[in-house]
Amino acid sequence: MQLRPLGDRVIVKPLPKEETTKAGIILPGTVGKESRQEGEIIAIGTGEKITKLNLSVGQKVVFSEYGGSEIKVDGLEHKILNHDDLLAVIE
């Protein structure tokens, strides 16, 4: 299935959650299970506001924690985000 976002929206595949710290400590159970607000852009809408952001498919972005809608496509989690839910580009 392919999705094409409408207007000023993007589809983002959230990056996997890390379960170990940078020092190599494994986090047990529920610790560190909060949602991660980083993802890779899969598709971009053609709205005027999103076009001005000069985003491209494959870029990694930071998005607001409670923004967008979660969907499952072919068994994979994705988020549909509005242009104002995008906070930064990871370079």
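**Exercises on a predicted protein model**

The protein exposes about 6,400 Å², of which carbon and sulfur atoms supply 52%. The model is predicted, and the exercises below concern its sheet, its core and one residue of its helix.

**Exercise 1. Determine which strands stand at the edges of the sheet.**

*Solution.*
Step 1. List the elements. The protein has one helix and six strands, and from the N terminus on they run β-β-α-β-β-β-β.
Step 2. Write the order within the sheet. The six strands form an open sheet, β4-β5-β1-β2-β3-β6, with antiparallel pairing.
Step 3. Read off the ends. β4 (69-73) and β6 (86-90) each have a single partner strand, so one side of each is left without a neighbour in the sheet. From one strand to the next, the twist averages 40°.
Step 4. Recall the principle: strands of a sheet pair through backbone hydrogen bonds, either parallel or antiparallel.

**Exercise 2. Describe the pairing of strand β3 with β6.**

*Solution.*
Step 1. Locate β3: this strand comprises residues 60-63.
Step 2. State the sense and extent of the pairing. β3 and β6 pair in the antiparallel sense over four bridges.
Step 3. Give an example. Lys60 has Ile90 in β6 as its bridge partner.

**Exercise 3. Identify the residues of the largest nonpolar core and examine the contacts of Leu55.**

*Solution.*
Step 1. Consider burial in the whole chain: 25% of the 91 residues are buried.
Step 2. Name the members. The largest nonpolar core has nine residues: Val10, Val12, Ile41, Ile50, Leu55, Val61, Phe63, Leu81 and Leu86.
Step 3. Relate the core to the strands. At least two of its residues come from β1 (9-14), and at least two from β3.
Step 4. Examine Leu55. Apart from neighbours within four places in sequence, Leu55 is in contact with Val10, Ile41, Ile44, Ile50, Leu86 and Val89.
Step 5. Consider contacts across the protein. Of those between residues at least 6 apart in sequence, 60% join residues at least 24 apart.
Step 6. Recall the tendency: in soluble globular proteins, nonpolar side chains tend to be buried together.

**Exercise 4. Is Thr51 buried, partly exposed or exposed, and what does its side chain reach?**

*Solution.*
Step 1. Place the residue: Thr51 lies in helix α1 (residues 48-51).
Step 2. Classify its exposure. The relative accessible area of Thr51 is 49%. Exposed requires over 50% and buried under 20%, so Thr51 is partly exposed.
Step 3. Find the polar partner. The Thr51 side chain reaches the backbone oxygen of Gly47 at 2.6 Å.
Step 4. Compare sequence and space. Thr51 and Asp8 are 43 residues apart along the chain, and their C-alpha atoms are separated by 7.8 Å.

Terms used. Residues numbered from 1 in each chain as written. Predicted model: local features only at pLDDT ≥ 70, side-chain atom pairs only at ≥ 80, totals over all residues. Heavy atoms only, no water. Buried < 20%, exposed > 50% of the residue type's maximum accessible area, 1.4 Å probe, protein only. Contact = heavy atoms within 4.5 Å. Areas by Shrake-Rupley, 256 points an atom, 1.4 Å probe, with all protein chains shown as cover. Pairing = 2+ DSSP bridges. Axes fitted to C-alpha atoms, helices over the stretch in contact; angles between N-to-C directions. Core = buried A, V, L, I, M, F, W, Y, C linked by side-chain atoms within 4.5 Å. Polar contact = N/O pair within 3.5 Å; in protein donor to acceptor, adjacent residues only side chain to side chain.
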